[in-house]
Amino acid sequence: MPHPCLSCGACCTQFRVAFHWMESDEFSEGGVPAALTERLDAHRLCMRGTYSTPVHCVALDARIGEYSRCTIHSNRPSVCRQVDASWEYGAPSAQCDKARLAHGLAPLTLADWRWRDAADNDDCPDDNGSSPPTPRLPPVAA
Ligand code: SF4
Ligand code: SF4
């Protein structure tokens with residue numbers, strides 16, 4: 001059974017994806033491709049497509065509920081790395097649940113991860129060591 005995120009992508013169509021401008025590849029090697037971002041305010045950029053309605057990140061290649069892939073996975077913003085799939089690490093994720101429900105998909109449960117435990121098969125699309133470290137950032141005004 002594949003990782004649930006590979007047939008989902010819902011969270012990339014629900015939230016504004018904002019982050020400090022220092023994460024851009026204009027300032028950080030291996031950072032977020034600047035061409036896929038727009039300025040949000042003096043301190044922040046956001047992924048194109050996530051500051052308008054309907055939300056759909058420009059980097060998302062997906063048919064929600066069927067297949068999904070982040071085309072800049074190893075260079076995605078820090079905020080994207082921080083969204084866990086529900087129960088992948090033993091706890092629910094409000095963002096994951098909300099996003100899936102918005103697309104008529106049931107929230108994940110512990111049962112959605114048993115295949116991994118049973119097969120010792122971790123084809124998680126998340127960090128695999130190839131992602132660049134998140135740059136150390138100065139505080140951002142709220
Ligand atoms: S984190 Fe949750 S909402 Fe996002 S792609 Fe994975 S399963 Fe879907
Ligand atoms: S950058 Fe990738 S992970 Fe982040 S919202 Fe866009 S498609 Fe999703």
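In the predicted model, Val79 is located in helix 1, which spans residues 78-81. This residue counts as partly exposed because 17 C-beta neighbours lie inside 10 Å, whereas a buried residue would require 20 or more. When neighbours within four places in sequence are left aside, the contacts of Val79 are with Val17, Ala18 and Phe19. The pairing of Val79 with Ala18 spans 61 residues of sequence, yet the C-alpha atoms of the two are 7.4 Å apart in space.

Ala18 also belongs to the segment that forms strand 1 (18-20), an edge strand of an open sheet. This sheet consists of 3 strands in the order 1-3-2, with antiparallel pairing. The other edge position is taken by strand 2 (37-39), and each of these edge strands pairs on one side only. On average, neighbouring strands of the sheet are turned by 40 degrees against each other, direction ignored. Strand 1 is joined to strand 3 (residues 44-47) over 3 bridges in the antiparallel sense. Within this part of the sheet, His20 stands opposite Arg44 of strand 3. In general, the strands of a sheet pair through backbone hydrogen bonds, in either a parallel or an antiparallel arrangement.

At the level of the whole protein chain, 3 helices and 5 strands are assigned. Their order from the N terminus is β-β-β-β-β-α-α-α. The protein chain comprises 142 residues, of which 25% count as buried. Among contacts with a separation of 6 or more, 58% link residues 24 or more positions apart.

Two ligand environments were examined. Around ligand 1 there are 13 residues, of which Cys5, Cys8, Cys11, Ala85 and Cys96 come nearest. The shell divides into 10 nonpolar, 2 polar and 1 charged residues. Helix 2 (residues 94-102) gives the most to this shell, contributing 3 residues.

Ligand 2 is surrounded by Cys12, Val17, Met47, Cys57, Ala59, Leu60, Cys70, Ile72, Arg76, Pro77 and Cys80. In this shell, 10 residues are nonpolar and 1 is charged, while no polar residue is present. Val17 thus appears both around ligand 2 and among the contacts of Val79. Met47, another residue around ligand 2, lies within the residue range 44-47 of strand 3. Cys80, likewise found around ligand 2, falls within the range 78-81 of helix 1.

Terms used. Residues are numbered from 1 along each chain as its sequence is written. Chains are lettered from A and ligands numbered from 1 in the order in which they are written. This is a predicted model: local features need pLDDT of at least 70, side-chain atom pairs count only at pLDDT 80 or more; totals for chains, interfaces and linings use all residues. A residue is near a molecule or strand if its C-beta atom, placed from the backbone, lies within 6 Å of it. Ala, Val, Leu, Ile, Met, Phe, Trp, Tyr, Cys and Pro count as nonpolar, Asp, Glu, Lys and Arg as charged, and the others, Gly among them, as polar. Two strands pair if DSSP finds at least two bridges between them. Helices (H or I, at least four residues) and strands (E, at least two) are DSSP runs, numbered from the N terminus. Axes are lines fitted to C-alpha atoms, for helices over the stretch in contact, and angles run from 0 to 180 degrees between N-to-C directions. A residue is buried if 20 or more other C-beta atoms lie within 10 Å of its own, exposed if 12 or fewer, and partly exposed in between; C-beta atoms are placed from the backbone. Two residues are in contact if their C-beta atoms, placed from the backbone, lie within 7 Å.
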